[in-house]
Amino acid sequence: MKTIKVMILTSLAGLLFSCATAPVPMELSNARQAYQQASTGPAAELAPVQLHKAKLALDQAENAFAEAPESYRTRDFAYVAERRALQAEVFASIAFQKSGAIGANKEYETTQGEIIARAKEGAARAEKRKIEAAAAKAADKLTAEQQARIDAEKRAALAQENLAKVVALKEEARGLVITLSGSVVFASNQAKLLPAAKSRLDQVADALMSTDERRSLIVEGHTDAMGLSAYNLQLSQRRADAVRSYLISRGYPAGLIETQGIGEARPIADNSSAEGRSNNRRVEIIVQREAEPQQMQSNLGGQE
């Protein structure tokens with residue numbers, strides 16, 4: 001009996017040791033990092049509901065990892081947690097832009113009052129009609145400029161809010177990344193855009209063109225690891241070119257859009273599962289930060 005107890009304790013100790021030393025999946029590591037970044041940024045104050053959802057998903061991933069480190073459930077929960085953390089950051093950005101539009105409106109009202117006051121004082125000191133006409137003209141011009149700015153900010157915030165509902169958005173060092181899922185963009189082994197892809201690209205184009213200024217774009221095509229690498233690279237380039245051509249047809253300047261076929265070189269998920277391969281088949285549109293003066297300020301998954 002004593003020997004049996006010793007064996008049981010030894011087995012439990014070995015199990016605990018194996019769990020403690022199991023490597024952390026990349027998806028869980030990414031989810032932890034994404035939640036840490038979101039929880040220490042504006043999302044904590046401006047998007048608490050979305051951040052809470054991300055925390056719940058991360059807790060599920062941590063529990064799954066503790067129970068069975070090699071289980072696919074850990075990666076699935078972690079992927080959901082990462083996406084929800086990124087969504088919380090997007091919602092926070094939208095809320096921040098909306099608050100900026102409100103501030104601009106208050107500034108407009110204040111400036112408007114000052115212009116009227118100055119116009120009245122000038123009319124009392126000099127030729128009343130002439131000064132009043134000049135003040136009115138200046139006020140109209142300033143009103144039009146400020147109203148145009150307010151309208152542009154509102155359009156950008158609304159376009160981003162609508163865009164966040166249909167595509168994945170992520171802020172990176174290279175700029176804002178818009179990810180289009182391959183399952184709705186192209187048919188299998190094809191580079192011709194599906195109707196659903198055109199609908200989503202219409203919303204992307206509307207968001208990108210919500211102001212008069214334009215940023216430089218890089219359209220990247222990505223594939224999973226199925227098939228030959230050389231063929232995947234060629235297919236990803238043709239798909240990136242197809243997205244570029246469609247954006248140009250919607251009015252975006254051709255000189256500001258570059259394309260790159262990445263092939264299978266940059267997976268974001270495990271290619272051993274159908275879900276992972278689906279996530280890797282994508283088109284990414286990078287809205288670059290390095291832009292000309294007064295570029296648009298709006299912040300904005302692609303294969304099979």
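Author: Two strands are said to pair if DSSP finds at least two bridges between them. The model discussed here is predicted.

Reader: In what order do the strands of the open sheet stand?

Author: Strands of a sheet pair through backbone hydrogen bonds, either parallel or antiparallel. In this open sheet of 5 strands the pairing is mixed. Neighbouring strands are turned against each other by 20 degrees on average, direction ignored. The order is β1-β2-β5-β3-β4.

Reader: Which strands stand at the edges of the sheet?

Author: A strand with a single partner has one side left without a neighbour in the sheet, so the edges belong to β1 (168-172) and β4 (257-263).

Reader: Which residue in β4 stands opposite G221?

Author: Strand β3, residues 217-222, pairs with β4 in the parallel sense, over 6 bridges. Opposite G221 in this setting stands a residue of β4, namely G261.

Reader: Which strands does α8 touch?

Author: Helix α8 comprises residues 229-249. The direction of α8 makes about 155 degrees with that of β4. Packing on the sheet, α8 touches β3, β4 and β5 (282-288).

Reader: Are α7 and α8 roughly parallel or oblique to each other?

Author: Helix α7 (residues 195-208) packs against α8 with the axes 10 Å apart, and the angle is about 55 degrees. An angle from 35 to under 65 degrees falls outside the parallel and perpendicular ranges. The two helices α7 and α8 are therefore oblique.

Reader: Which residues in α8 are met by α7?

Author: The crossing of α7 past α8 is right-handed. By class, their contact has 5 nonpolar, no polar and 2 charged residues. From α7 come K198, L201, D202 and A205, and they meet, in α8, V243, Y246 and L247.

Terms used
Residues numbered from 1 in each chain as written. Predicted model: local features only at pLDDT ≥ 70, side-chain atom pairs only at ≥ 80, totals over all residues. Heavy atoms only, no water. Axes fitted to C-alpha atoms, helices over the stretch in contact; angles between N-to-C directions. Helix = DSSP H or I, 4+ residues; strand = E, 2+ residues; numbered from the N terminus. Parallel < 35°, antiparallel > 145°, perpendicular 65-115°, else oblique. Left-handed = near helix turned anticlockwise from the far one by under 90°. Contact = heavy atoms within 4.5 Å. Nonpolar A, V, L, I, M, F, W, Y, C, P; charged D, E, K, R; others polar.
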